[in-house]
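Here are my notes from going through this one, written for a colleague who has it open in a viewer. Have a look at it first, then read on.

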Amino acid sequence: MEVTTTWYLVLSAVLFSLGAFGLLVRRNPLVMFMCVELMLNAVNISFVAFSRSLQDLAGQTAVFFVLVVAAAEVVVGLSIVVSLLRRNPSATVDDFAEMKG
Amino acid sequence: MVDVIVFIISASVILGGAIGVIFNPNPVHAALSLIATFFGVAILFVLQEVHFLALVQVVVYGGAVVVLFLFVIMLLGVEEIERFDEEPIEGQRIAALGGSLILLGVILAGLFLSGPGGEDGAVAITGQAAQMVPLTNETDVVQLANDLFTRHVFAFEATGLLLTIATVGAVVLVKNRGAEDLVVDEPGTSVR
């Protein structure tokens, strides 16, 4: 028995769906951010698996850029969450509807 | 045989961590479960002999990102337990479960209907790569560096700019504009 690309892709699909489920179910904005990170990691797994199976370096380069952009996204997203939660520490995402208008 | 065992262990660590993130009511515990997932992904990278990305995965994700999450949770003191027994929108959880199962089914269908390993399906969906960068016998750091600093040098510079903008933006967003900002608003009251 050997670990094939399909194993990695199935794991990636399950992890992506779990992240999507958590993003839809949880109401704490910080935990929702963590679920976005789960989905990004799922995509990274399949990028690397394809890079190995197709013998193409482009997948690894893509993972590098995903890492950088994810770091920038976390910084900006968390600062938005900080400025929102400072007003009301027990806020859930439902309360952020007051941002409109 | 060894790689099968390593894969199964790290896959269960990854999925266990993911389930921990979703079902832990306490955000601190969720962040700690997230570390398990990141480490499992790093082990999978090592298993595929992509050592540099495994290192970066641990340093950037397991280090910086999770520390940032924990820092924000502790700074704001929002480590309160989320209540799972109340459902704000009726039927939302069932709909979310159904939606993510459909998503999983679509991905798996695309994977298994497309041939072994998913390579054929990937090529069918995205088309043949315009310019393939074949792997060589050099270490992956050398290959990645050669690719980054020759073919992707403009994108690399752009990510540097992006990180600078993100840092400045974070400072601007979080900067305290005066004492009245610290007043805790009641939910529903007007916000500037």
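The points below go through it a topic at a time.

1. Before anything else, keep in mind that this is a predicted model. For chain A, the mean pLDDT is 87, and 96% of the residues reach 70 or more. If you want to know where in chain A the confidence is highest and where lowest, helix α1 (residues 5-25) is at the top with 92, while helix α3 (residues 58-85) is at the bottom with a mean of 89.

2. Chain B is helical: seven helices, zero strands. Reading from the N terminus, you get α-α-α-α-α-α-α. The chain has 192 residues, and 33% of them count as buried. Take the contacts in chain B with a separation of 6 or more, and 51% of them come from residues 24 or more positions apart. Its accessible surface is about 11300 Å², with carbon and sulfur atoms holding 71% of that.

3. On the surface of chain B, there's a nonpolar patch worth a look. M1(B), I5(B), I9(B) and V13(B) make it up, and it covers about 380 Å². V13(B) belongs to helix α1 (residues 2-23) of chain B. Its relative accessibility is 35%, so V13(B) goes down as partly exposed.

4. How many salt bridges does a search over all chains turn up? Two, for the whole structure. One of them pairs R52(A) with E49(B), with the closest N and O atoms 3.8 Å apart. Since R52(A) sits in helix α2 of chain A and E49(B) in the loop between α2 and α3 of chain B, this pair joins two chains. The cut-off for a salt bridge is 4 Å, in case you want to weigh that distance yourself. Both partners are partly exposed: R52(A) has 27% relative accessibility, and E49(B) has 49%.

5. The other bridge to look at is D147(B) with R151(B), where the closest N and O atoms are 2.7 Å apart. Is D147(B) buried or exposed? It's buried, with a relative accessible area of 0%. R151(B), on the other hand, is partly exposed at 47%.

6. Now the backbone. Most residues other than glycine have a negative phi. Against that background, two residues are worth checking. Q55(A) isn't a glycine, yet its phi is positive, at about 55°. Q55(A) is in the loop between α2 and α3 of chain A, and it's partly exposed at 38% relative accessibility. E49(B), from the salt bridge with R52(A), also has a positive phi without being a glycine, near 60°. The loop that holds E49(B) runs between α2 (27-47) and α3 (51-76) of chain B.

7. Aromatics next: the search of the whole structure gives seven ring pairs over all chains. In one of them, F64(A) and F65(A) have ring centres 5.9 Å apart and planes at 80°, so it's edge-to-face. Both residues are buried, F64(A) at 13% relative accessibility and F65(A) at 15%. Ring pairs also tie these two together with F149(B) and F156(B) in a cluster.

8. Still in chain A, look at S51(A) in helix α2 (residues 29-53). With just 2% relative accessibility, S51(A) counts as buried. Setting aside neighbours within four places in sequence, what is S51(A) in contact with? The partners are D56(A), L57(A), G59(A) and Q60(A), plus L135(B) from the other chain.

9. Finally, two spots where helix α2 residues come up against residues far away in sequence. In chain A, S53(A) in helix α2 and T4(A) are 49 residues apart in sequence, with 8.7 Å between their C-alpha atoms. S53(A) is partly exposed, at 26% relative accessibility. In chain B, L47(B) is in helix α2 and 44 residues along the chain from D3(B), and their C-alpha atoms are 7.0 Å apart. L47(B) is partly exposed too, at 24%. Beyond its neighbours within four places, L47(B) contacts D3(B), V6(B) and F7(B), and also Y8(A).

Terms used:
Residues are numbered from 1 along each chain as its sequence is written. Chains are lettered from A and ligands numbered from 1 in the order in which they are written. This is a predicted model: local features need pLDDT of at least 70, side-chain atom pairs count only at pLDDT 80 or more; totals for chains, interfaces and linings use all residues. Side-chain values use heavy atoms; hydrogens and water are left out. Patches are made of residues with over 30% relative accessible area and no salt bridge: like charges are joined within 9 Å, nonpolar side chains (Val, Leu, Ile, Met, Phe, Trp, Tyr) within 5 Å. Accessible areas come from the Shrake-Rupley method with a 1.4 Å probe; for residues, only the protein chains shown count as cover. A salt bridge is a side-chain nitrogen of Lys or Arg within 4 Å of a carboxyl oxygen of Asp or Glu. Helices (H or I, at least four residues) and strands (E, at least two) are DSSP runs, numbered from the N terminus. Buried means under 20% relative accessible area, exposed over 50%, partly exposed in between (1.4 Å probe, protein chains only). pLDDT is the predictor's confidence in each residue, from 0 to 100. Rings of Phe, Tyr and Trp (its six-membered ring) pair if their centres lie within 6.5 Å; planes under 30 degrees apart count as stacked, over 60 as edge-to-face and the rest as tilted. Contact means heavy atoms within 4.5 Å.
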